[in-house]
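Thank you for letting me speak today. Please take a moment with the sequence and the structure on the screen, and then I will walk through them piece by piece.

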Amino acid sequence: MTREDFDALIQRLEVVSRKNPRLYNVRIIGLVVLAYAYLVLVLFGSLALCVAMVVMVIYAPATIKLALIGLIAFGGIFLAVLRGLWVKLEPPKGQPVTRAQAPKLFALLDELRAALDCKPFHRVFIIGDVNAGVVQVPRLGIFGWHRNYLVLGLPLMQSLAPDEFKAVLAHEFAHSSRGHGRFGNWLYRVRRTWAQVFAEMAKRRTRFGGVVFKFLNWFWPLFNGHAFVLARANEYEADACSVRLAGADAAGRALIRSRVDGALLAEKFWPDTFNRANQEPEPPANVLLALNQTLKNGPPAEDAARWLRQAFLTETNNADTHPCLKDRLRAIGRLPAGIENGQFPEPPPGPSQNAAEFYLGDYAGVVGQKMSEEWQKLIAPKWKARHKNAEKIAGELAGLEQPSDAPPNAAQIWDRARKLAELRGDAAAVPALEQVVALEPRHAAANFILGRYHLQKDDPRGVEFIETAIAADPALAQTGCNLIYAHFNRTGQRDKLRPLENRFDEFQKQNAVARQERARITAADTFQAHELTEPQIAELRNSPCFAIALRIKVSWWKPRGQKANGELVHRVLKQLRLPGHFLVFVSEKNLKALGAKVFSAPGAVIYQREK
């Protein structure tokens, strides 16, 4: 289903839901029943046919060949459906918090649960994201039987005032309410659960799963469209619950503040923190305590105004069930005056006491320290690798900045610009990048970095740079289109979004066809001249490519499929940290000769598991 088809479907369904809400709800229930009935029919129907094949062999042994074929086919369907539906979704991770550790927090949770008639939570976790929500993990896949978790972002609690945090929690609790809006809340949860399960099923698709996926390809867009309309209405109802329990002023301030502080962390705090790896060999020990202080200090006025303007210019679209900030504030009666005329308010002043301090008390410092230590341990390998690479680049940069008799060419200036961007950020590289573009106007990478730099500042000149980069190197189309799309979206240029979406979709289709075509190269293919420049050829010669062969020994009686080899290669790839390019493969079948050649190289064996 194309974006236009989905938008048209949403428009039609919105009209139907307004004209006859009861009939609309009946249609949705019918779709849910149809999906369950189809999956149960396929599951038990294929099992019954397997049993029939066995019975047929018992009473008519001459049909054994036919029965074996049927058993393989129907058994494959049964196992494919069962394996697809039996998806295990992992529970959220974080620092658990108990009533004894945070009594004020649990008193608030009790109050909201009682007011909104919500089920109790099995666990409450503190996480490191600017987020909060009720997470339901189905133990029986799409058939439900959920475990309920509440996740609370410590940065979110550090950002908001206590009443604002209460407003956010009331909104999240409303989605799992068994009271007002029960049908919409149930559908909201079903849609989220099915989306998770179907995504996992797509990852684990098997040869015999086609009978299910053909149905899902028809069913999911239709069901998702019907559920989408109610899911968006459910967001407005959740906001109304937030206003009823915490007040419209607190709900409005929470919506505005979360946009500004979220941007402060994403665009300033975290990039600045990771940039410290260029100078410091170890990651900081108290990152979440530093984050808390950053939120207390607040953003510079110029940045805050820009982020708030971007938030108010962003429009509601059908890519997300959440309405935009402007529509949500209008619905609760707290849209600032002058917004429609381009007059934007100042962000609310920082709270005298944040929600983490109020609801967690002394435990806020304890959990912040624990999470900081976990973050430090998790990030340490990447941090040290970045620091080592930064030292190497700094040395190379120092050599490039030595005075020379001959003026540098475009390749030399680009080498310096690339290193500056990597070491000190895009802004430091702009003068050198402009020199590169002056010498080579179609230099893809230089245009791309210049475009990225300007778009981050909402400078429309960035669009032209990105377009030039994509024209010179189509491989940059996906990332480039995403940057332009984000710029158009946050600057209110809604009319330019759909052409860009269509262009991106077309690129995705062509890219898929190209990947399929290039997945296999034979002697029958036509080869053309590479048309690479001398600097590009020199760069290829200096870029290593490692071939890593995995030789495994499996007992003859143990079945091992191709998927197991793929999983092994994937695990190895996740652990590798090598310069340049590398190829990892299992030395079997058509790759056995290649593997033998790799192993015959001197010193080729770098690891061998002990018996």
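Strand β2, which covers residues 123–127, pairs with β4 in the parallel sense, and five bridges connect the two. If you would like one position to look for, take Val124, whose bridge partner in β4 is Leu150. I should say at once that what we are looking at is a predicted model, so please hear every value this morning as a computed one.

On to the neighbours of these two strands. Strand β3, residues 132–138, is joined to β4 by seven bridges, and here the strands run antiparallel. Two positions help to trace that pairing by eye: Gly133 has Val151 as its bridge partner in β4, and Ala132 stands opposite Leu152 of β4. There is also β1, which is joined to β2 by two bridges, again with the strands running antiparallel, and in that pairing Gln95 has Ile126 in β2 as its bridge partner.

In what order do the four strands lie in the sheet? Reading across, the order is β1-β2-β4-β3, and the sheet is an open one with mixed pairing. The edge strands are β1, at 95–96, and β3, each of which pairs on one side only.

For those new to sheets, it may help to keep in mind that in a regular strand the side chains alternate between the two faces of the sheet.

How covered are these strands? In β4, which spans residues 146–153, six of the eight residues are buried, so the strand is mostly covered, where buried means under 20% relative accessible area. Strand β3, although an edge strand, is also mostly covered, with six of its seven residues buried. Helix α6, residues 162–174, lies across β3 and β4, and the helix runs at about 25° to β3.

Let me now leave the sheet and turn to a pair of helices. Two packed helices are described by the angle between their axes and the distance between the axes. For helix α14, residues 363–400, and helix α15, residues 410–424, the angle is about 140° and the axes are 10 Å apart. The crossing of α14 and α15 is left-handed. On the α14 side, the residues that take part are Asn389, Ala390, Ile393, Ala394, Glu396, Leu397 and Leu400, and they meet Asp415, Arg416, Lys419, Leu420, Glu422, Leu423 and Arg424 of α15. Sorted by character, the residues of this contact comprise seven nonpolar, one polar and six charged.

Next, I have picked out a few single residues, beginning with His454, which sits in helix α17, residues 444–456. Is His454 buried or exposed? His454 counts as buried, because its relative accessibility is 4%, and buried means under 20%. Leaving aside residues up to four places away in sequence, His454 touches Asp459, Arg461, Gly462 and Phe465.

Glu346 gives us the opposite case, and you will find it in the loop between α12, at 325–331, and α13, at 355–360. Glu346 is exposed, because its relative accessible area is 73% and exposed means over 50%. From Glu346 to Arg309 there are 37 residues in sequence, and their C-alpha atoms are 9.7 Å apart in space.

Between those two cases comes Ala195, in helix α7, residues 182–203. With a relative accessibility of 34%, Ala195 counts as partly exposed, because that value falls between the cut-offs of 20% and 50%. Ala195 and Trp220 are 25 residues apart along the chain, with 8.7 Å separating their C-alpha atoms.

What about the cysteines? A disulfide is a covalent bond between the sulfur atoms of two cysteines. Searching the whole structure turns up zero disulfides. Two of the cysteines we can place by their accessibility: Cys50 counts as buried at 11%, and Cys324 is buried as well, with a relative accessible area of 7%.

Finally, let me step back to the whole chain, which has 23 helices and six strands. The chain has 611 residues, of which 40% are buried, and its C-alpha atoms fill a box of roughly 85 × 80 × 50 Å along the principal axes. Among the contacts with a separation of 6 or more, 71% are between residues 24 or more positions apart.

Definitions and conventions
Residues numbered from 1 in each chain as written. Predicted model: local features only at pLDDT ≥ 70, side-chain atom pairs only at ≥ 80, totals over all residues. Heavy atoms only, no water. Axes fitted to C-alpha atoms, helices over the stretch in contact; angles between N-to-C directions. Left-handed = near helix turned anticlockwise from the far one by under 90°. Contact = heavy atoms within 4.5 Å. Nonpolar A, V, L, I, M, F, W, Y, C, P; charged D, E, K, R; others polar. Disulfide = S-S within 2.5 Å. Buried < 20%, exposed > 50% of the residue type's maximum accessible area, 1.4 Å probe, protein only. Pairing = 2+ DSSP bridges.
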